[in-house]
Amino acid sequence: MDVLPTVWFAVLCFMLAGYAVLDGFDLGVGILHPFVARDDGERRQTLSAIGPVWDGNEVWLVAFGGLLFLSFPRVYGSGFSGFYLPLTMVLWLFVGRGLSLEWRNHLNDPMWRAPADAVFWFSSTLLVLLFGAAIGNVVRGVPLDPDGYYQGLFAWILNPYALLVGVLALGVLATHGALWLALKTDGAVEERARVLAGRLLPALLVLVAATTAATLSGRRQMLDNYRASPWLVAVPLLIPAAVAAMWHFHRTRRDLEAFVSSAGVIAALVASTAIGLYPQLLPSDPHPERGLTVANSASAHGSLVAGITWASVGLAIVVIHTTFVYFLFRGRVPLESEPVTPPR
């Protein structure tokens, strides 16, 4: 059996987890910034807490899309042709986030900055909801024709289960963003972010439990790999362990450890979902035999070999660049911070 498709499946899961952890906190800041900042100075401090890194974090999503096209072109083609409307919405929401940060510093006028802040909040919130709904649909399965192309309507994508996963994503990333603000800011914004994180944690536990119950009742196939290899149960058990660690470190004001624990929750959620799905990449419902798997949708062996070589080099460069930027950006952002301007 060729193991390369499985290796590529693991690489894609790593890229997705990296994106969720890194871009997750700046999306969370976008969701929370109207609630933790009371005036323009505090909003500038909040946005400056993500300014140097937010668009660099999105490189992980771009790399994920490129690697998906290289390794599993059938999944890429089915996803982009069947979900073109939600993907177009995602593209416009990314544009809205970038433009709102750029525009708010062009005029020192509340009438100019208030709409920019509203667009940033709206774009961040809807992006997280759509990303969560997309993962929910992948777990639930989508209607595919015999050639593996999506055959449903846009309204079908917004089913109750997918929306529940979207709300879970909002809870996870809002908590992640609150812990980032508690780590990176000072003064009133830091205290409000810390209070918000404490209030979000119980809601997060309820959402994780509700989503897990809904998943196991509606798609019991997600348990097959865990039944075959019981030791894999250790991965989902990391989720409550990481939440407990996050709660402990938050209460003891150990901000870095609390944020790392939050990253652990996200990574464990992605890994648990990936284990449950494998070998499916895009399950089909109600015709399971039409699903796209690592075996029937992978590129040719030679392409996978060449790709894994160059992807390793590219991934190493991304990791080194990300580490370097975060090292330069270490420390807290004071209230009197400079206006945030996205790198050009």
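Reader: What should the 28 residues of helix 14 span, and how far apart are its end C-alpha atoms?

Author: Happy to start there, keeping in mind that this is a predicted model. Helix 14 covers residues 301-328, and at 1.5 Å a residue its expected span is 40 Å. The model agrees with that, since the end C-alpha atoms of helix 14 are separated by 40 Å.

Reader: Which elements cover the buried residues of helix 14?

Author: Let's begin with the residues themselves: Leu-304, Gly-307, Ala-311, Thr-322, Val-325 and Tyr-326 are the buried ones in helix 14. Their cover includes helix 1 (4-36), helix 3, helix 4 (59-71) and helix 9 (160-184).

Reader: Is Asp-55 buried, partly exposed or exposed?

Author: Good one to check! Asp-55 sits in helix 3, which runs over residues 54-57. Its relative accessible area is 26%, and buried would require under 20% while exposed would require over 50%. Therefore Asp-55 is partly exposed.

Reader: Which element gives the largest share of the lining of the second largest pocket?

Author: That pocket has a volume of about 410 Å³. Of its 19 lining residues, the closest to the centre are Leu-22, Phe-259, Thr-322, Thr-323 and Tyr-326. Two or more lining residues come from each of helix 1, helix 9, helix 13 (255-277) and helix 14. The largest share, 6 residues, belongs to helix 1.

Reader: How many residues of that lining are nonpolar?

Author: Here we can sort the lining of the second largest pocket by residue type. It has 2 charged and 4 polar residues. The nonpolar residues number 13.

Definitions and conventions:
Residues are numbered from 1 along each chain as its sequence is written. This is a predicted model: local features need pLDDT of at least 70, side-chain atom pairs count only at pLDDT 80 or more; totals for chains, interfaces and linings use all residues. Side-chain values use heavy atoms; hydrogens and water are left out. Helices (H or I, at least four residues) and strands (E, at least two) are DSSP runs, numbered from the N terminus. Buried means under 20% relative accessible area, exposed over 50%, partly exposed in between (1.4 Å probe, protein chains only). The expected span of a helix is 1.5 Å times one less than its number of residues. Contact means heavy atoms within 4.5 Å. On a 1 Å grid over the protein atoms alone, a cavity is a set of points where a 1.4 Å probe fits but cannot get out, and a pocket is an open set with protein on both sides within 12 Å along at least five of seven lines; lining residues have an atom within 4 Å of a point. Grid points are joined across faces, edges and corners, and a volume is the space filled by probe spheres set on the points. Ala, Val, Leu, Ile, Met, Phe, Trp, Tyr, Cys and Pro count as nonpolar, Asp, Glu, Lys and Arg as charged, and the others, Gly among them, as polar.
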